[in-house]
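Reader: I'd like to learn how to read a model like this one. Could you walk me through it, one feature at a time?

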There are 2 protein chains.
Amino acid sequence: MTSGGSVVVLTGGVGGAKLALGLSHVVAPGRLSAIVNTGDDSRHLGLHVSPDIDTLIYTLSGLVDPGRGWGRANETWGFMEALRAIGGEDWFNLGDHDLALHVERSRRLAAGESLSHITADFAARLGAGVRVVPMSDDPVATRVITDAGDLAFQDYFVRRRCAPRVRAVRFAGAEDARPAPGVVQALADPDLEAVLIAPSNPWLSIDPILSVPGLAGLLRDARAPVVVVTPLPGGRAVKGPTAKIMGELGLTLSIASIEDHYRGVADAFLLDDADPPVASPHARCDTLMITLDDRIRVARAALDLARR
Amino acid sequence: MTSGGSVVVLTGGVGGAKLALGLSHVVAPGRLSAIVNTGDDSRHLGLHVSPDIDTLIYTLSGLVDPGRGWGRANETWGFMEALRAIGGEDWFNLGDHDLALHVERSRRLAAGESLSHITADFAARLGAGVRVVPMSDDPVATRVITDAGDLAFQDYFVRRRCAPRVRAVRFAGAEDARPAPGVVQALADPDLEAVLIAPSNPWLSIDPILSVPGLAGLLRDARAPVVVVTPLPGGRAVKGPTAKIMGELGLTLSIASIEDHYRGVADAFLLDDADPPVASPHARCDTLMITLDDRIRVARAALDLARR
């Protein structure tokens with residue numbers, strides 16, 4: 001059972017990649033596009049690192065480390081070991097195989113290619129089987145304003161392990177960014193039957209996408225409904241700092257806060273079986289995605305809701 | 001038996017590194033400086049690669065692959081494998097550990113540090129035990145003019161395996177280069193007792209050093225004699241394209257051609273036992289350097305000649 005129309009999913013890192021993998025099994029070949037957060041992108045050791053793009057490509061192509069959900073399976077760490085020996089910064093781990101994408105991406109960006117073009121090429125060569133589209137080819141940097149200062153995303157997320165209290169989140173450069181060409185193309189497709197927002201962190205992973213001027217308008221103008229797969233089953237974050245950040249931002253840890261957050265963007269919500277109902281149109285299923293079957297089940301439920 | 005005064009060696013890649021290692025065992029700690037060819041330096045995959053500097057540091061610190069004489073022992077190749085899978089250029093092999101030096105060097109150069117400073121730091125951290133000094137902090141690029149065109153050094157040497165016929169060798173940028181501060185300092189040392197020219201390729205590895213304006217003058221003004229350890233024992237090149245290039249440049253494959261080449265620079269020559277005598281002051285020994293003992297023997301013979 002595959003869907004006939006085209007489908008777009010907005011996604012961040014690990015959680016979103018799981019839904020995208022499920023979708024890739026139920027959407028017809030060539031009809032799924034993933035619009036990916038690049039607010040986490042950073043220069044590290046002089047290299048352009050795109051964590052969410054790489055997590056998605058690795059997940060879709062079967063290269064991902066199944067335990068961590070990011071990085072590559074059977075990774076080796078010779079580079080990091082040698083880097084440490086010459087006094088290099090070692091708080092951000094780059095595996096030997098993973099490094100190839102950062103080096104080659106950096107080289108091609110410096111040669112004038114767009115992030116979109118490079119990403120499409122990597123996805124195709126690694127066999128992702130899905131159109132992987134950065135939200136923008138222009139730089140947008142997620143800044144986490146905390147009690148420990150105004151932090152770059154990777155500094156907050158990796159180096160400080162989300163410990164500082166979050167006061168606000170900003171997207172530096174967003175005002176000058178344009179949606180990548182593939183974003184416009186995917187959302188304007190006359191055969192579009194669903195736009196899904198993956199259960200990624202709404203504040204850190206989805207908001208950067210929505211911060212790109214014009215992108216929210218493209219969502220509203222799209223022919224298909226926008227369905228949020230909610231990230232907080234039974235009021236608990238599956239992984240990552242969603243619950244912690246909601247508390248720090250003064251939000252109630254409930255599905256109603258998620259509904260509020262996506263007001264004006266979402267048409268419907270796929271809730272977890274454990275969630276109370278919301279006022280907006282909704283459906284429910286067990287949204288926990290451990291196995292591939294789980295991911296396919298959630299993907300199907302989200303598409304079914306979009307079609308209703 | 002260690003020497004009391006300071007010693008400078010001009011060196012290129014593998015052959016020169018062997019002599020430098022021998023010298024490091026007979027020169028007093030802190031008194032040996034190696035002035036290294038950077039004409040082979042190139043940007044590869046957007047990274048600054050300094051092959052001769054790295055070969056020397058790896059050799060002196062015991063990290064070198066003993067079979068190849070360059071690169072690192074117990075190297076792994078995950079990066080290259082992953083690079084190939086995304087369509088990256090794979091004719092220049094970069095090992096996972098080796099890559100750390102290229103990435104960190106590139107990052108520090110982009111941050112405004114000098115190649116000298118970075119090189120000294122890497123050498124110290126990896127335990128090279130010798131002052132490793134690039135010939136210049138300014139870019140000088142060895143160009144090999146061949147019947148297949150005007151080639152960058154690595155293109156000629158690695159990609160085309162020295163197959164094209166050499167017509168001339170040029171050092172692009174040399175006219176604007178200055179000797180690195182450590183070069184001036186090492187050659188002006190009042191305790192200097194010997195300047196050795198390693199048995200590296202005179203045209204490809206030593207000439208780039210001598211092409212830096214002012215450097216030949218510093219050699220002439222130094223308080224110590226300049227001794228060439230000749231690279232062509234018995235008229236045969238030990239390794240690499242020296243003999244092939246001499247033929248292509250119309251030179252007789254003899255020690256007299258080497259003497260001619262270094263006229264005005266060298267004061268004396270350490271010949272191999274198999275060589276005929278030359279007109280200049282000279283001594284001889286078995287110059288083939290296979291074992292560490294060989295390298296120490298040649299180092300001692302060269303220093304003895306300088307002291308006479």
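Author: Sure. Helices here are DSSP runs of H or I with at least four residues, numbered from the N terminus. With that in hand, A:D293 has its place in helix α12 of chain A, residues 292–307. One caution before we go on: this is a predicted model.

Reader: Is A:D293 buried or exposed, and why?

Author: Count neighbours: 12 or fewer other C-beta atoms within 10 Å makes a residue exposed, and 20 or more makes it buried. A:D293 has 11, so it is exposed. As for long range, its C-alpha lies 37 Å from that of A:A174, with the two positions 119 residues apart along the chain.

Reader: What about A:P181, and where does it sit?

Author: A:P181 belongs to helix α7 of chain A, residues 181–187. With 13 other C-beta atoms within 10 Å, A:P181 is partly exposed. Here a sequence separation of 44 residues goes with a C-alpha distance of 8.5 Å, the partner being A:D137.

Reader: How do I check a helix, say α12 of chain B?

Author: Start with the length. At 1.5 Å a residue, the 16 residues of α12(B) should span 22 Å, and the end C-alpha atoms are 23 Å apart, which agrees. Then look at direction: an α-helix has 3.6 residues a turn, so residues three or four places apart point the same way. In α12(B), the buried residues include B:R295, B:V298, B:A302 and B:L305.

Reader: Which elements do the buried residues of α12(B) pack against?

Author: They meet a mix of strands and a helix of chain B: β1, α1, β9, β10, β11 and β12. On the nonpolar side, the largest core has 166 residues, and A:A20, A:A302, B:A20 and B:A302 have the most contacts inside it. Take B:A20: leaving aside residues up to four places away in sequence, B:A20 touches B:V9, B:T11, B:A34, B:L56, B:T59, B:L60, B:V130 and B:A198.

Reader: Now the strands. How many bridges join β6 and β7 of chain A?

Author: Four bridges, and the strands, residues 141–146 and 149–152, run antiparallel. They form a hairpin with two residues between them. At one of the bridges, A:T146 is partnered with A:G149.

Reader: And the two chains together?

Author: The size of an interface is often given as the accessible area lost when the parts come together. Here we have residue counts instead: 25 residues of chain B are in contact with 25 residues of chain A. On the chain B side, α3, α4 and α5 each give two or more residues, and α4(B) has the largest share, 10 residues. By type, that side divides into 13 nonpolar, seven polar and five charged residues.

Reader: What does α4(B) look like on its own?

Author: The 15 residues of α4(B) should span 21 Å at 1.5 Å a residue, and the end C-alpha atoms are indeed 21 Å apart. The helix is mostly covered, with 13 of its 15 residues buried. Just after α4(B), B:G112 takes a positive phi of about 100°.

Reader: What rotation superposes chain B on chain A?

Author: A rotation of 180°, with 0.0 Å of shift along the axis and an RMSD of 0.0 Å. The two copies are therefore related as by a two-fold rotation axis. The same surface serves both copies, as 100% of the contact residues of chain B recur in chain A. Among the residues of chain B, B:D96 comes closest to the axis, its C-alpha being 3.0 Å away.

Conventions: Residues are numbered from 1 along each chain as its sequence is written. Chains are lettered from A and ligands numbered from 1 in the order in which they are written. This is a predicted model: local features need pLDDT of at least 70, side-chain atom pairs count only at pLDDT 80 or more; totals for chains, interfaces and linings use all residues. Two strands pair if DSSP finds at least two bridges between them. Two residues are in contact if their C-beta atoms, placed from the backbone, lie within 7 Å. Ala, Val, Leu, Ile, Met, Phe, Trp, Tyr, Cys and Pro count as nonpolar, Asp, Glu, Lys and Arg as charged, and the others, Gly among them, as polar. Copies are superposed by least squares on the C-alpha atoms of residues with pLDDT of at least 70 in both. The expected span of a helix is 1.5 Å times one less than its number of residues. A nonpolar core is a set of buried Ala, Val, Leu, Ile, Met, Phe, Trp, Tyr and Cys residues joined through C-beta atoms within 7 Å.
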